[in-house]
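Grab a coffee and open the viewer. Here are a few short exercises to work through, each with a solution.

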There are 2 protein chains.
Amino acid sequence: MSTTAHELDLGQLIADTEEEILRLVRDHDPSTVGVYEQCRYHLGLDGSTGVSGKRMRPLLGLLAYASITGDHRAALPGAAAVELGHNFSLVHDDIEDGDSERRHRPTLWTLHGIPQAINTGDMLFSLSRVALHRLTDLGFSDHKVLRLMRLYDETCVALCEGQYIDIATSEADTAMSVELYFDMIGRKTAALIAASIEAGALLATDDEKVIAHYRNFGWDLGLAFQLNDDLLGIWGEEQATGKEPTDVARRKKTLPVIYAIEHASAPDRARLMELYRDHAATGAAIQEVIDILDRSGAHEYTREQARLHRDRALAELDAAGVVLPEARARLHEIVVRVIAA
Amino acid sequence: MSTTAHELDLGQLIADTEEEILRLVRDHDPSTVGVYEQCRYHLGLDGSTGVSGKRMRPLLGLLAYASITGDHRAALPGAAAVELGHNFSLVHDDIEDGDSERRHRPTLWTLHGIPQAINTGDMLFSLSRVALHRLTDLGFSDHKVLRLMRLYDETCVALCEGQYIDIATSEADTAMSVELYFDMIGRKTAALIAASIEAGALLATDDEKVIAHYRNFGWDLGLAFQLNDDLLGIWGEEQATGKEPTDVARRKKTLPVIYAIEHASAPDRARLMELYRDHAATGAAIQEVIDILDRSGAHEYTREQARLHRDRALAELDAAGVVLPEARARLHEIVVRVIAA
């Protein structure tokens with residue numbers, strides 16, 4: 001199979017991924033229609049427009065695969081799995097965080113109650129596993145499929161570990177630190193992005209060095225993505241990501257805030273912690289927080305870290321050495337689109 | 001490996017299963033200790049005594065495997081997986097049902113809050129998948145392990161489908177029927193018990209007929225188990241299961257109630273539905289419900305159905321024809337112990 005410019009059109013990759021997912025979340029039996037309807041609603045595959053996610057994880061996995069083989073299609077079951085797995089975690093996160101809106105629509109739990117939403121999250125998780133078995137039907141060896149599953153399963157454990165740290169540190173006054181924050185986002189964000197890209201590479205090649213470079217590319221890209229998200233969540237600069245600068249109003253303890261608590265002057269630190277305990281989100285309080293962050297060097301530090309990991313990611317991609325030019329261009333396109341830092 | 005009476009001692013099988021599980025839920029990194037502590041607490045593996053479950057599902061799987069091969073040990077990763085998977089669903093069920101106690105201890109969500117409990121359930125689910133990969137280390141072929149995973153993954157989908165029906169019919173006034181009830185418990189209860197036993201058989205043999213008989217054995221056993229649970233939940237007769245007759249007080253719509261709504265006289269039906277809408281659980285109201293159930297023939301019908309499926313289960317086991325006598329005796333022991341009907 002050869003690559004044409006058309007085949008690596010990102011829109012086409014997304015359309016193919018969604019078709020692969022729809023195969024799994026279509027109605028099955030009359031008695032269970034409702035749970036599949038909930039899956040399709042959350043995934044933005046219920047016919048509404050403009051409410052699906054960016055499909056960043058499956059795109060990266062498909063491009064990784066295509067960058068080595070020249071075509072993305074055989075990797076579609078892996079792309080579907082990672083998107084379903086990501087969305088399982090979003091459904092549960094929305095309950096855990098009490099978020100009532102996602103992508104400008106009511107979250108699943110606000111529409112169907114917490115019990116159904118927990119269960120629909122479990123269903124998306126289960127379906128993400130079922131998705132992977134189609135790799136066998138497409139001709140991948142049992143050994144390859146099993147290795148990919150082990151990668152996916154261990155990644156899910158990491159996701160839950162990261163989420164545990166997130167909930168534990170946001171609920172209690174458990175001390176968060178810059179070090180623990182990187183530990184957390186590694187598990188919660190970078191692990192799945194790295195796994196998606198590693199999965200694309202390991203389906204495409206048996207060369208362990210190439211696979212390792214792709215994995216490292218994904219890991220650093222995942223960290224850079226999260227740090228960029230932290231920047232946008234505070235200082236805005238509206239991006240293609242649609243992220244709005246509401247993190248301070250919501251008192252989210254992202255890297256800039258944690259950095260400032262560690263590095264600001266004593267009075268600034270005391271004032272910052274006071275502002276974070278007080279949940280009234282007036283415009284003046286938000287501006288005061290941002291001023292403290294700016295004075296402490298938190299903006300600069302976070303931007304530097306985001307750039308560092310983005311540059312490391314691109315260097316790993318170059319080091320892999322097997323990347324087809326067109327796929328490489330698309331990967332760069334995503335890196336730049338997602339990470340503006 | 002040969003079987004001795006000692007090796008098929010049920011207590012030993014449980015101890016070996018718990019050791020296999022503990023390997024997965026031990027502490028890993030300092031930053032994530034808490035989530036593994038929660039796992040061990042829920043599983044009754046935190047050093048407390050008398051608070052673990054019956055381990056019925058892993059026992060059945062191990063006995064199925066040992067009944068063909070003469071030893072249970074190589075099947076322990078499968079046993080750990082099914083017990084972890086079962087417990088993931090219990091952690092989420094406890095939140096979904098608002099249950100504050102399980103096995104005479106506070107449920108996870110009452111101790112750690114709903115967010116952590118959702119996440120710990122997800123962790124148990126993830127670990128159940130990781131458990132299966134040790135089958136590869138123990139020498140099972142990739143093909144065998146992958147087939148077992150497909151069985152497990154499809155079973156998890158069935159579990160979520162069953163749970164969807166359960167929540168949908170208990171929350172809303174969605175019409176429940178005897179037919180839909182069997183559809184639900186097939187997915188919610190029988191599927192995992194059948195899968196556990198089928199998994200034991202398919203690890204032990206390539207004979208598809210034998211595997212199918214074991215699966216059918218597990219399916220009918222699972223249905224009989226649930227119906228027996230329904231009987232105990234209303235008419236008591238305290239069993240080794242520890243089940244207490246609180247289903248009427250909690251207004252649970254189990255088979256006897258659904259049967260009575262379909263088959264009782266018009267006045268009895270109206271009164272039963274009225275009593276179920278009124279959530280005051282006085283002793284007199286409970287007795288009135290039980291009288292209506294008795295008059296409608298619900299007790300007899302449910303007992304007949306439980307016996308029917310139990311007898312079918314035992315006939316399937318006999319039809320498999322490869323069962324070692326001692327393992328067969330243990331399987332019968334469990335069937336009789338679990339199903340008193």
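A residue counts as buried if 20 or more other C-beta atoms lie within 10 Å of its own. Keep in mind that this is a predicted model.

**Exercise 1.** Work out which residues of helix 10 of chain A are buried, and what covers them.

*Solution.* Start with the stretch itself: helix 10 of chain A runs over residues 255-263, and 7 of its 9 residues are buried, so the helix is mostly covered by the cut-off of 20 or more C-beta atoms. Next, name them: A:Leu255, A:Pro256, A:Val257, A:Ile258, A:Tyr259, A:Ala260 and A:Ile261. Finally, look at the cover, which includes helix 8 (178-204), helix 9 (208-235), helix 11 (266-277), helix 12 (283-296) and helix 13 (298-320) of chain A.

**Exercise 2.** Check how the radius of gyration of chain A fits a compact globule.

*Solution.* Begin with the parts: chain A has 14 helices and 2 strands. For 341 residues, a compact globule would have a radius of gyration near 20 Å, and chain A agrees because its value is 20 Å. Then add the spans of the C-alpha trace along its principal axes, about 65 × 50 × 30 Å. As for burial, 50% of the 341 residues of chain A count as buried.

**Exercise 3.** Find out how chains A and B are related.

*Solution.* First, superpose: a turn of 180° with a shift of 0.0 Å along the axis lays chain B on chain A, with an RMSD of 0.0 Å. The two copies are therefore related as by a two-fold rotation axis. The same surface serves both copies, as 100% of the contact residues of chain B recur in chain A. Last, find the axis: among the residues of chain B, B:Asp142 comes closest to it, with its C-alpha at 2.9 Å.

Conventions. Residues are numbered from 1 along each chain as its sequence is written. Chains are lettered from A and ligands numbered from 1 in the order in which they are written. This is a predicted model: local features need pLDDT of at least 70, side-chain atom pairs count only at pLDDT 80 or more; totals for chains, interfaces and linings use all residues. A residue is buried if 20 or more other C-beta atoms lie within 10 Å of its own, exposed if 12 or fewer, and partly exposed in between; C-beta atoms are placed from the backbone. Helices (H or I, at least four residues) and strands (E, at least two) are DSSP runs, numbered from the N terminus. Two residues are in contact if their C-beta atoms, placed from the backbone, lie within 7 Å. The radius of gyration is taken over C-alpha atoms; the globule rule is 2.2 Å times the number of residues to the power 0.38. Copies are superposed by least squares on the C-alpha atoms of residues with pLDDT of at least 70 in both.
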